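Please open the structure in your viewer and keep the selection tool at hand. The tour below moves from stop to stop, saying what to select and what can be found there.

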Amino acid sequence: MSGYDGGRGRDDDRRSSSGRQRSAARFRGDRSRTSQAPAQRRKRTDPARTAAFDVLREVDESDAYANLVLPPLLRERRIRGRDAGFATELTYGTLRLRGRYDAILATCVDRPLSGLDPALLDALRLGTHQLLGMRVPVHAAVSETVGLARDRVGAGPAQMVNAVLRRVSERSLEEWLDVLEKEAPDPLTGLAVAESHPLWIARALREALAGNERPVDEIGALLAADNAAPRVTLVARPGLVDVSDDDAWGDADLVAGPWAPTALRLEGSDPSGIPAVREGLAGVQDEGSQLVALALAGAPLDGPDERWLDLCAGPGGKAALLAALAAQRGARLVANEVAPHRARLVAGALAALPDGAVEEVRTGDGREVGADEPGAYDRVLVDAPCTGLGALRRRPESRWRRTPSDLAALTGLQRELLTSALDAVRPGGVVAYVTCSPHLAETQLVVSDVLRKRTDVERLDAPAAVRSVVRDGADIPLADRDDVQLWPHVHGTDAMHLTLLRRTA
Ligand SMILES: C[S@@+](CC[C@H](N)C(=O)[O-])C[C@H]1O[C@@H](n2cnc3c(N)ncnc32)[C@H](O)[C@@H]1O
């Protein structure tokens with residue numbers, strides 16, 4: 001990114017012809033725009049940085065998700081190519097590394113950060129990420145961010161941005177990390193700050209490593225992996241599209257994923273132009289999600305194998321893979337989801353599946369299915385609502401939104417959903433309990449609590465089920481346990497948990 005000039009020269013023309021200022025005014029923090037002459041505005045604002053700033057304000061003020069706000073904003077403002085790449089890295093990087101940058105900024109600002117105007121604080125964070133996370137030259141990072149602050153926050157705050165960012169620029173990232181480490185009361189706190197995680201999450205992840213037979217000193221690598229933007233991974237839905245079909249993949253640059261035979265890693269970030277994706281024959285799906293669905297479909301089963309249930313299906317990624325696998329063996333899938341808008345997404349995800357593969361997409365509370373349809377299914381997936389602590393790299397702001405108090409409500413729901421799934425599966429049938437969180441309270445403890453109350457369930461060898469579905473020759477490292485925990489820093493996947501259970505009587 002070095003040498004990036006904010007795309008000003010190129011953008012001035014686009015700005016006058018695109019009508020973008022009207023749409024930009026939708027966003028708040030626009031205080032000084034109207035009092036400035038257009039020529040001044042053009043001089044001060046850079047479209048990529050302004051877009052990043054506006055997304056950060058939306059995330060802060062409206063609890064928006066950056067990955068839902070940024071892409072349409074870039075399209076609306078016609079920010080493309082290098083400018084779009086810069087805006088994306090600036091937005092997501094600033095959100096992910098907010099904790100690290102706030103700790104650095106706290107040493108450069110003479111009052112508590114909590115007392116600053118939130119818009120000013122966002123401008124400081126954006127400038128700090130350019131200086132320490134993107135190697136933008138100091139003069140460009142400071143002057144462009146000062147211009148942005150003047151335009152969006154005001155002249156006084158812009159002066160402060162100038163002074164603070166100059167202080168930040170006096171040290172390299174490594175030097176700043178040394179400072180933070182020395183200030184920390186203990187190593188885990190230091191690591192949590194340096195790798196920008198709330199301390200409770202760093203603690204929970206360290207406990208999850210220990211609880212899954214991994215060395216706890218991997219915590220640094222795990223936290224660092226959460227800060228790396230994940231590669232886009234596609235799933236080639238079996239029976240719908242073949243990896244070797246050139247027409248289906250267009251000119252996309254794809255390499256096979258290391259584990260799932262269905263997984264393809266995309267070089268680049270925009271899969272929307274790929275014919276197979278447009279037609280629903282393939283989709284964007286983390287390789288860990290693919291593995292757990294493949295493992296459920298591949299788990300050994302006695303008796304009929306005809307009717308499968310996805311109890312918590314929205315938005316439908318795993319349902320689409322399961323339905324494709326079901327179709328290959330003449331089985332059919334019922335996809336259940338409690339939220340109507342998410343049930344509609346499931347229906348969309350399943351649209352390309354052959355007739356007969358999907359029995360029904362229904363909107364309903366998964367906790368009631370076990371009582372309503374006891375023993376009615378051969379295979380059941382419970383991909384439970386969870387904290388998402390295993391997918392932090394994918395949702396840049398989520399680590400700052402979650403609180404430990406979310407756990408109590410979620411783990412209660414998880415227990416009820418797993419209980420319902422075990423009632424809904426027939427004796428001899430298989431249930432997969434899955435979360436995209438490695439938190440022990442959401443994984444091992446939920447399973448052991450539910451099983452303590454039942455005598456009709458046995459655990460299956462989930463590592464064996466995963467090994468039986470991975471790509472030929474792939475030697476996937478899995479702990480010596482009967483459940484599976486995947487890790488971003490080990491497997492390059494989200495931290496998916498899988499327990500496989502069989503109903504015995
Ligand atoms: C982790 S997501 C599932 C992701 C999905 N399996 C996929 O691969 O696309 C959990 C889903 O459970 C849904 N959910 C939450 N409570 C539920 C309930 N009581 N019954 C059924 N679904 C529920 C949520 O709305 C959310 O869509």
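Select Cys-436 to begin: does this residue count as buried or exposed? In this predicted model, Cys-436 has 26 C-beta neighbours inside 10 Å and therefore counts as buried, since 20 or more are needed for that label. Cys-436 is the residue that UniProt, in an unreviewed entry, lists for "active site", and its place is in the loop between β9 (425–435) and α23 (444–452). If you leave out residues up to four places away in sequence, Cys-436 touches Cys-386, Gly-388, Gly-390, Ala-391, Asp-494 and Met-496, and these can be added to the selection.

**The ligand**

Select the ligand next, and then the residues around it. There are 18 residues in this shell, and those that come nearest are Cys-312, Gly-314, Lys-318, Gly-366 and Asp-383. The elements that give two or more residues to the shell are α18 and β6 (332–337). By residue type, the shell around the ligand divides into 6 nonpolar, 6 polar and 6 charged residues.

Stay with Gly-314 and look along the backbone to Pro-315, because the peptide bond that joins Gly-314 and Pro-315 is cis, with an omega of about 5°, whereas most peptide bonds are trans. Pro-315 is found in the loop between β5 (307–310) and α18 (317–328).

**The nonpolar core**

From that loop, move on to α18 itself, which gives 9 residues to the largest nonpolar core, the most of any element. This core has 153 residues, and the members that touch the most others are Ala-295, Leu-322, Ala-323, Val-382 and Ala-432. Both domain 1 (8–168) and domain 2 (235–503) give residues to the core, so it lies between them. In soluble globular proteins, nonpolar side chains tend to be buried together. Select Leu-322 for a closer look: leaving aside its neighbours within four places in sequence, Leu-322 is in contact with Ala-293, Ala-297, Trp-308, Asp-310, Leu-333 and Leu-381.

**The two domains**

Now colour the chain by its domain assignment, which gives domain 1 (8–168) and domain 2 (235–503). The C-alpha centres of domain 1 and domain 2 lie 38 Å apart, and the contact takes 8 residues from domain 1 and 4 residues from domain 2. On the side of domain 1 that touches domain 2, the elements that give two or more residues are α5 (66–76) and α6 (81–96), with α6 giving the most, at 3 residues. The residues on this side of domain 1 divide into 5 nonpolar, 1 polar and 2 charged.

A further selection comes from a record: in an unreviewed entry, the UniProt annotation "domain: SAM-dependent MTase RsmB/NOP-type" covers residues 205–504. The end C-alpha atoms of residues 205–504 lie 33 Å apart, and the span is 35% helix and 20% strand.

**Positive phi angles**

Return to α5 and look at the loops beside it. Asp-63, in the loop between α4 (47–62) and α5, has a positive phi of about 55° although it is not a glycine. With 9 C-beta neighbours inside 10 Å, Asp-63 counts as exposed. Arg-78 lies in the loop between α5 and α6, and its phi is also positive, near 55°. Arg-78 is partly exposed, with 16 other C-beta atoms within 10 Å. Most residues other than glycine have a negative phi.

Then select helix α12 (residues 187–194), whose buried residues are Leu-191, Ala-192, Val-193 and Ala-194. What covers these buried residues of α12 includes α7 (98–108), α11 (173–183), α13 (199–211) and α14 (219–226). Just after α12, Ser-196 takes a positive phi of about 60°.

**A last stop at Val-470**

Finish by selecting Val-470, in the loop between α24 (462–469) and β11 (484–485). Val-470 is buried, because 20 other C-beta atoms lie within 10 Å. Its contacts, leaving aside neighbours within four places in sequence, are Trp-259, Ala-260 and Ile-476. From Val-470, find Thr-504, which is 34 residues away in sequence and 27 Å away in space, C-alpha to C-alpha.

Notes
Residues are numbered from 1 along each chain as its sequence is written. This is a predicted model: local features need pLDDT of at least 70, side-chain atom pairs count only at pLDDT 80 or more; totals for chains, interfaces and linings use all residues. Domain bounds come from an automatic or database domain assignment. Two residues are in contact if their C-beta atoms, placed from the backbone, lie within 7 Å. Helices (H or I, at least four residues) and strands (E, at least two) are DSSP runs, numbered from the N terminus. Ala, Val, Leu, Ile, Met, Phe, Trp, Tyr, Cys and Pro count as nonpolar, Asp, Glu, Lys and Arg as charged, and the others, Gly among them, as polar. UniProt positions are given in the numbering used here, feature names are shortened, and annotations may be inferred rather than shown by experiment. A residue is buried if 20 or more other C-beta atoms lie within 10 Å of its own, exposed if 12 or fewer, and partly exposed in between; C-beta atoms are placed from the backbone. A residue is near a molecule or strand if its C-beta atom, placed from the backbone, lies within 6 Å of it. A nonpolar core is a set of buried Ala, Val, Leu, Ile, Met, Phe, Trp, Tyr and Cys residues joined through C-beta atoms within 7 Å.
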